[in-house]
Amino acid sequence: MTNPQVKCSVDNCEYWEEGNNCSAEVIMIEIDRHAGASLPQQKGGQQYDTSHTDHAEDTRDTCCHTFEERGH
Ligand code: SF4
């Protein structure tokens, strides 16, 4: 399986690079309600979860859980 190129406009994220490119080894998308959740797996310091699932009504309900503010 080939991973998609991730384009992201959040330029204050540690993993953001010029051209709106995400450099994270793995990114985890969550529903907003779980944005602060602690996830059970890690790769390159980035948390993710391969088992639990959620349901979003539309794009406004989703967020990037991997976001890390630059400089923190
Ligand atoms: S980790 Fe998430 S917020 Fe950060 S650059 Fe990648 S997609 Fe954007």
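In this predicted model, a polar contact of 3.4 Å links the side chain of Gln46 to that of Tyr15. Gln46 belongs to strand β5, which covers residues 46-48, and its relative accessibility of 6% is under the 20% limit, so the residue counts as buried. The side chain of Gln46 also makes polar contacts with backbone atoms. One of these reaches the backbone nitrogen of Glu25 at 3.0 Å, and in another a polar side-chain atom of Gln46 lies 3.1 Å from the backbone nitrogen of Val26. When neighbours within four places in sequence are set aside, the residues in contact with Gln46 are Tyr15, Ala24, Glu25, Val26, Gln41 and Thr66. Between Gln46 and Val6, 40 residues apart in sequence, the C-alpha to C-alpha separation is 15 Å.

Tyr15 and Thr66, both in contact with Gln46, also appear among the residues around the ligand. The full set surrounding the ligand consists of Val6, Cys8, Cys13, Tyr15, Trp16, Cys22, Ile27, Cys64, Thr66 and Phe67. By residue class, this shell holds nine nonpolar residues and one polar residue, with no charged residue. As for its location, the ligand sits in the second largest pocket.

Attention now turns to the segment before β1, where Lys7 is placed. The side chain of Lys7 has two polar contacts to describe here: a polar atom of this side chain lies 2.9 Å from the backbone oxygen of Gly19, and a polar contact of 2.8 Å joins the side chain of Lys7 to that of Asn21. Apart from neighbours within four places in sequence, Lys7 is in contact with Gly19, Asn20 and Asn21. Lys7 and Cys63 are 56 residues apart along the chain, and their C-alpha atoms are separated by 14 Å.

Asn20, one of the residues in contact with Lys7, deserves a word of its own. Asn20 is found in the loop that runs between β1 (16-17) and β2 (21-22). Although Asn20 is not a glycine, its phi is positive, at about 60°. Its relative accessibility is 30%, a value between the 20% and 50% limits, and Asn20 therefore counts as partly exposed.

A further buried residue with a polar side-chain contact is Glu30, found in strand β3 (residues 29-31). Its burial follows from the relative accessibility: at 4%, Glu30 is under 20% and so counts as buried. The side chains of Glu30 and His52 are joined by a polar contact of 3.1 Å. With neighbours within four places in sequence left aside, the contacts of Glu30 are Leu39, His52, Asp54, Asp61, Thr62, Cys63 and His65. Thr66, one of the residues surrounding the ligand, lies 36 residues from Glu30 in sequence, and the C-alpha atoms of Glu30 and Thr66 are 9.3 Å apart in space.

Definitions and conventions. Residues numbered from 1 in each chain as written. Predicted model: local features only at pLDDT ≥ 70, side-chain atom pairs only at ≥ 80, totals over all residues. Heavy atoms only, no water. Near = heavy atom within 4 Å. 1 Å grid on protein atoms, 1.4 Å probe; cavity = no way out; pocket = protein on both sides within 12 Å on 5 of 7 lines; lining within 4 Å. Sits in = over half its atoms within 2 Å of the grid points. Nonpolar A, V, L, I, M, F, W, Y, C, P; charged D, E, K, R; others polar. Helix = DSSP H or I, 4+ residues; strand = E, 2+ residues; numbered from the N terminus. Buried < 20%, exposed > 50% of the residue type's maximum accessible area, 1.4 Å probe, protein only. Contact = heavy atoms within 4.5 Å. Polar contact = N/O pair within 3.5 Å; in protein donor to acceptor, adjacent residues only side chain to side chain.
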